[in-house]
Amino acid sequence: MVTRPPIRLLWGHSALTVALTADADAPVCLTRIEPTDVSRAHADGGSEGDGTRRSGQPLVEVLIAGEGHPWSGPRQVGTTLGARLRYVGHHVETARDWVRIEVEQVDDQAGLQVLTVIRSPRDVPAIQAHTSVRAVGAEPVTLHAVSSLATGAFRPGSGADGIDVYWAENDWLAESRWQRQPLRRRRLPDVDLATHGQRPRGALVMAGHGSWSSGEYLPMGALLDTDTGRAWAFQVEHNGAWRWEVGERLDGVYLAVTGPGDRDHQWRRTLNPGEGFTSVPVGLAIGDAGLESAVAALTAYRRAIVRPHPDRTALPVVFNDFMNTLRGDPTTERLLPLIDAAGSAGAEYFCIDAGWYAEDGAWWDSVGAWEPSRTRFPGGLAEVIDRVRAAGMRPGLWLEPEVVGVRSPLADSLPPDAFFQRDGRRQVENGRYHLDLRHPAAVAHLDATVDRLVSEFGIDYFKLDYNVNPGPGTDVRAESPGAGLLEHNRAHLRWLEGVLDRHPGLVLENCGSGGMRMDYALLARLQLQSTSDQENPLRYPPIAASAPMAVLPEQSASWAYPQPEMSDEEIAFTLVTGMLGRLYLSGHLNRMAADQLALVREGVQAHQAIRGLLARAVPFWPLGLPGWEDGWIALGLRAGGENVLAVWRRPGADAGVDLPMPHLRGVDAEIDVRYPTRLGAWSAEWDAAAGVLRLVGGPAPAARILRLRSPG
């Protein structure tokens with residue numbers, strides 16, 4: 001074997017330094033990632049010139065049939081093949097908005113060429129990475145797992161002491177429940193590695209299964225060095241199965257992120273000579289001032305990867321008739337007065353939710369044809385759509401495109417292999433078959449549906465829901481269910497891109513029983529995200545306040561569903577829940593008294609006055625990320641010298657609360673209540689020296705939108 005010399009690469013831009021290294025006859029490692037100007041790193045003598053300890057965690061880990069790990073355990077790092085990879089070369093590209101590096105490695109024994117692609121938006125301390133592998137030998141190679149990114153650039157040589165991990169548990173009606181623990185308390189106890197002299201076996205593993213990418217956990221996490229304040233926030237940009245793990249090596253902590261694999265997701269892929277495979281993308285952002293600084297970098301990175309669309313700046317208010325209102329039972333008679341009231345309140349889009357296609361009430365297992373009901377709309381759906389426009393709004397419809405009910409005539413008219421199957425039988429989940437978007441007939445059906453509804457009714461908005469998880473996948477035209485699911489996931493993304501290419505002004509909402517499919521494979525393409533199906537307004541604030549960890553503020557749609565039986569404070573409470581994101585209205589506005597509707601209208605106008613901030617702002621949490629049972633909850637958005645706060649006081653909370661805002665310490669900030677302005681005043685005192693806003697609220701439940709501005 002030819003001995004390969006060591007390499008030292010520094011790469012990045014004005015806000016990012018990345019070091020890639022490989023010792024002689026060792027794989028490439030990402031040993032350093034910092035929010036610093038790479039030109040200064042070069043000026044200081046290059047990578048690792050000061051003798052800093054480096055992690056030996058390989059940049060790429062690959063599991064293949066016939067080879068596993070030299071040291072067994074639940075980890076997917078320390079792979080035999082990953083350790084054999086050797087540097088071949090690299091290529092750097094520089095464009096106006098992005099910089100990019102490609103690093104090529106090879107494993108001669110298995111006959112695999114491996115290409116790592118890392119790119120970064122200029123002036124943002126964040127990277128996106130993926131791995132491509134190609135069989136270059138004479139024999140097929142069966143992949144069991146391919147990492148998208150693996151690195152030990154987390155205080156190398158210091159172990160897990162002083163590093164905290166963040167992860168978010170996610171469930172229907174209880175999304176975005178963030179947790180924080182020291183790594184030593186969460187799966188990585190101190191086992192005295194120095195004495196043993198061997199790497200541990202364990203790791204903290206989080207995984208998403210099936211096609212609900214956030215059905216158990218959000219596909220993201222974060223690490224925080226509590227001694228220095230440096231933080232790393234990362235996300236898996238995939239609309240299907242994924243895995244991330246954090247563990248400890250003899251030389252420090254590592255992170256490894258993958259898409260589907262054999263162990264967790266029944267994914268395998270055989271590459272014949274000349275064939276290749278590309279992993280799912282992963283994003284990683286870095287900040288030097290605690291978790292919020294890394295989230296700010298991740299927020300800027302997300303804005304760099306989203307598809308351009310007029311909605312990104314317009315941010316219209318949407319009224320949807322479902323939540324706590326018509327609940328999937330729309331008719332002309334019920335909709336017309338609701339449309340008038342929504343228009344009067346200031347809504348700009350009106351979305352008719354589920355049921356518009358059903359001739360009876362039992363529509364769940366008969367969906368799929370997406371033809372308007374004749375019994376619900378005696379004068380035709382066009383009559384209702386025309387009323388939406390007459391009220392000054394643009395029309396929208398609910399669709400669940402990827403499913404076909406078992407009673408739908410479409411179930412027999414499409415080819416059998418246009419549906420997910422296992423072991424020769426079509427899969428049924430909750431009364432639905434699942435379309436396989438690798439099949440041209442399935443895509444043609446969905447294209448024809450969207451194009452027809454846009455052409456016939458002038459639909460400007462679709463709420464795309466997704467209420468089933470078909471499990472590991474389909475084995476039709478796939479060597480494993482996980483491989484079938486991954487290719488379907490990617491076909492789904494191509495279909496969405498095709499829809500928007502044909503209809504560039506169409507607004508598409510992402511919904512998966514609320515927030516069960518919340519990821520930046522979809523959100524890089526779609527315009528807004530439903531955060532939850534939570535029906536209790538008192539339970540919603542921690543979901544809405546946590547949402548900017550996972551979703552851009554300008555994409556984050558939380559329900560505000562005021563009702564005529566609510567008190568004025570309760571109406572304001574539910575309005576505030578939606579106001580620091582995409583205000584997403586529902587509720588029986590048509591039954592409200594004039595003063596109640598005026599309170600709703602005031603909330604809509606207050607949101608419209610501040611929504612220009614959404615697409616520029618970064619989030620902050622004066623009380624920390626909210627707990628599910630917290631009494632006081634606060635979310636802030638800031639851009640330049642402007643800070644807007646949503647503050648909720650839930651029943652049982654103390655009368656007052658202190659909101660630390662260290663970024664405003666020493667500033668004589670001006671405070672004003674943006675909403676509601678005509679209800680009982682809260683006491684608000686700004687302590688500039690401490691950077692603390694002291695609030696005393698009225699009787700709970702109550703909520704306020706506050707603005708703090710630096711003079712001038």
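**Exercise 1. Find what serine 176 is in contact with, beyond its neighbours within four places in sequence.**

Step 1: Get the ground rules down. We're in a predicted model, where local features need pLDDT of at least 70, side-chain atom pairs count only at pLDDT 80 or more, and totals for chains, interfaces and linings use all residues. Residues are numbered from 1 along each chain as its sequence is written, and side-chain values use heavy atoms, with hydrogens and water left out.

Step 2: Place the residue. Serine 176 sits in strand β11, residues 174-182. Strands (E, at least two residues) and helices (H or I, at least four) are DSSP runs numbered from the N terminus.

Step 3: List the partners. With contact meaning heavy atoms within 4.5 Å, serine 176 touches Glu169, Asn170, Leu218, Met518 and Ser546.

Step 4: Check burial. Serine 176 has 3% relative accessibility, so it counts as buried (under 20% relative accessible area; exposed is over 50%, partly exposed in between; 1.4 Å probe, protein chains only).

**Exercise 2. Work out why cysteine 511 has no bond to cysteine 351.**

Step 1: Take the cut-off: a disulfide is a pair of cysteine sulfur atoms within 2.5 Å.

Step 2: Look at the distance. The closest cysteine sulfur to that of cysteine 511 belongs to cysteine 351, and at 10.0 Å it's too far for a bond. The disulfide count is zero.

Step 3: Add the surroundings. Cysteine 351 is buried at 0% relative accessibility, and cysteine 511 is buried too, with a relative accessible area of 1%.

**Exercise 3. Lay out the five-stranded open sheet and find its edges.**

Step 1: Order the strands. They run β33-β34-β35-β40-β37, with antiparallel pairing; two strands pair if DSSP finds at least two bridges between them.

Step 2: Spot the edges. β33 (618-620) and β37 (670-675) each have a single partner strand, so one side of each lacks a neighbour in the sheet.

Step 3: Zoom in on one pair. β35 (642-649) and β40 (702-709) share eight bridges, and arginine 649 stands opposite alanine 702 in β40.

**Exercise 4. Describe how α14 and α15 sit against the sheet and each other.**

Step 1: Start with the sheet. α14 (568-579) lies across β35, β37 and β40, at about 50 degrees to β40. α15 (594-610) touches β35, β37 and β40 as well. Axes are lines fitted to C-alpha atoms, for helices over the stretch in contact, and angles run from 0 to 180 degrees between N-to-C directions.

Step 2: Compare the helices. Their axes come within 10 Å and cross at roughly 25 degrees.

Step 3: Name residues. Among those meeting across the pair are Ile571 and Leu575 in α14, and Leu599 and Gly603 in α15.
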